[in-house]
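Dear colleague,

I am passing on the structure we spoke of, and below it you will find my notes on what turned up in it. Please read them with the sequence and the coordinates open beside you.

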Amino acid sequence: MSIHRRDFARLGVAAIAAFGLGVPARAQDASPFADVLAHIDPQLRPSALRMLTMSAQSQPLGDATVAKRRTESASYAAPLLPDIRVDERQIAGARGHPPVTVFVINAGGAGARPGILHTHGGGFILGQARYELRFLQELARDLDCIVVSVEYRLAPEARFTGSLEDNYAGLRWMHASARELGLDPKRVALLGESAGGGHAALLAIAARDRGEVPVAFQALIYPMLDDRTGSSVRTPAHIGAVLWDAASNRYGWRSLLGVEPGGGAVPAAGVPARVADLAGLPPTFIAVGGVDLFVSEDITYGRRLNEAGVPVELHVFPGGYHAFDRVASETEIAERFTRIKMDALRRAFGQALPA
């Protein structure tokens, strides 16, 4: 199996920007990675090997490489579907914050359809909403819903307070524009992958605490929730070895928070896993691979939500590395991952499941 250009486009900019382009199509030598590959689902080993090879050939994330990788990621944006409408809008930001760009997918039409407020991945430091538009068009088409994706400010140029306010501005605008969009404001879900899952979790907490706009559901896809992972909390060598590792995690959290991750100076308001009270959050779906760096923090967050009385559906896919559903989307395990995620969203929206 090889990773084609389209696969990278659908993967999203978190992996693309972090690991760069171009691995030769020739077979790779698995021997340096044998211990890691032994823990990965057999279907995913070929793609994992290519990811590991790319990582070994790439410079680590840092101030000197982030700008270059932000530029490179633009080349992976997939062509848009011609029949699913996409609108780019400028909306007002929070008081004291700049205007925010949002992309509105599949708006209009008769009736009031459910909606998703989407936050893209990228380790808090990479990615743009515009590069995810094809993926979001397919999501909106398959769920017959409206998607609003926020072009939130990235770290370190903006800390968590800036990105949170951008995302909250998008959610408020979405609710205020429900009639124009053809949206049912009672059926709005938050969805994010990786760092986008962390942003979605913070947004759900902010929406609960501010009490201005309702959120019906949150779908957190291998979410980045805890700054302590890979810093004050060590992980086994086979966990987090593919695509997003402990060093990248420390850099991403340091950029978002403005302090060293894992310590006592970390502001709890910027880290979902450090928020003490999770009661009153919306019903939650969490899915993560068993060798993803975030697996333990995601399991713990799901347990804490459950203990706080929040309905939780948690799935751990044995042998799944970070974002395997996007890198190796043609495998059975990835298709099963996506099917379970989509069915959870359909149930949240009150839609019938496919036969």
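In which loop is S194 found? S194 sits in the loop between β5 (183-193) and α9 (195-210), and I start there because S194, although not a glycine, has a positive phi, near 60 degrees, while its relative accessible area of 6% makes it buried. Please bear in mind throughout that this is a predicted model.

Confidence

The protein chain has a mean pLDDT of 91, with 92% of its residues reaching 70 or more. Residues 1-26 call for caution, since pLDDT stays under 50 over that stretch, even though the model has 81 contacts beyond four places in sequence for it.

Backbone

A second residue other than glycine with a positive phi is D144, where the value is near 50 degrees. D144 belongs to the loop between α6 (133-143) and β4, and at 44% relative accessibility D144 counts as partly exposed, whereas S194, at 6%, is buried. There is also a cis peptide bond, with omega about 5 degrees, joining A155 and P156; the loop that holds P156 runs between β4 (146-150) and α7 (160-176).

Nonpolar cores

The largest nonpolar core has 51 residues, and I40, I116, V242 and Y321 are those with the most contacts inside it. Helix α13 (residues 332-349) gives the most to this core, contributing 7 residues. Another core, of 41 residues, lies apart from it and includes A107, L171, I286 and L305. To return to I116, its contacts, leaving aside residues up to four places away in sequence, are L139, L143, C145, I146, V147, V148, M174, A189, L191, L345 and F349.

Aromatic residues

The count of aromatic pairs comes to 6. In one of them, Y321 and F324 meet edge-to-face, at 6.5 Å centre to centre and with 75 degrees between the planes. The rings of F324 and F337 have centres 5.2 Å apart and planes at 80 degrees; that angle is over 60 degrees, so this pair too is edge-to-face. The pair of F324 and F337 links distant parts of the chain, with F324 in helix α12 (residues 324-327) and F337 in helix α13, 13 residues apart. Y321 has a relative accessible area of 0% and is therefore buried; F324 is likewise buried at 0%, and F337 is buried at 0%. Y321, F324 and F337 belong with Y222 and F317 to one aromatic cluster.

In two further places an arginine lies over an aromatic ring. The charged end of R326 sits over the ring of F135, 3.8 Å from its centre, and R210 lies over the face of Y168, at 4.3 Å from the ring centre.

Salt bridges

Over the whole structure, 21 salt bridges are found. Two that I looked at lie within helix α13, and they make a useful contrast in burial. The side chains of R336 and E332 meet with N and O 3.0 Å apart, and because these residues are 4 residues apart in helix α13, about one helical turn separates them. Both partners are partly exposed, R336 with a relative accessible area of 28% and E332 at 41%. D343 and R346 form a salt bridge at 3.1 Å, N to O, and being 3 residues apart in helix α13, D343 and R346 are also separated by about one helical turn. Here, however, both side chains belong to buried residues, because the values of 16% for D343 and 12% for R346 fall under the 20% cut-off.

Elsewhere, salt bridges that share partners join E88, R130 and E151 into one network. R141 forms a salt bridge with D142, the closest N and O atoms being 2.9 Å apart; R141 is partly exposed at 43% relative accessibility, and D142 is partly exposed at 39%.

If you have time for one region, I would suggest helix α13, which gives the most residues to the largest core, carries F337 of the aromatic cluster, and holds the salt bridges of R336 with E332 and of D343 with R346.

With best wishes

Notes
Residues numbered from 1 in each chain as written. Heavy atoms only, no water. pLDDT = per-residue confidence, 0-100. Contact = heavy atoms within 4.5 Å. Core = buried A, V, L, I, M, F, W, Y, C linked by side-chain atoms within 4.5 Å. Buried < 20%, exposed > 50% of the residue type's maximum accessible area, 1.4 Å probe, protein only. Phe/Tyr/Trp six-rings, centres within 6.5 Å; stacked < 30°, edge-to-face > 60°. Lys NZ or Arg CZ within 6 Å of the ring centre and 35° of its normal. Salt bridge = Lys/Arg side-chain N within 4 Å of Asp/Glu carboxyl O.
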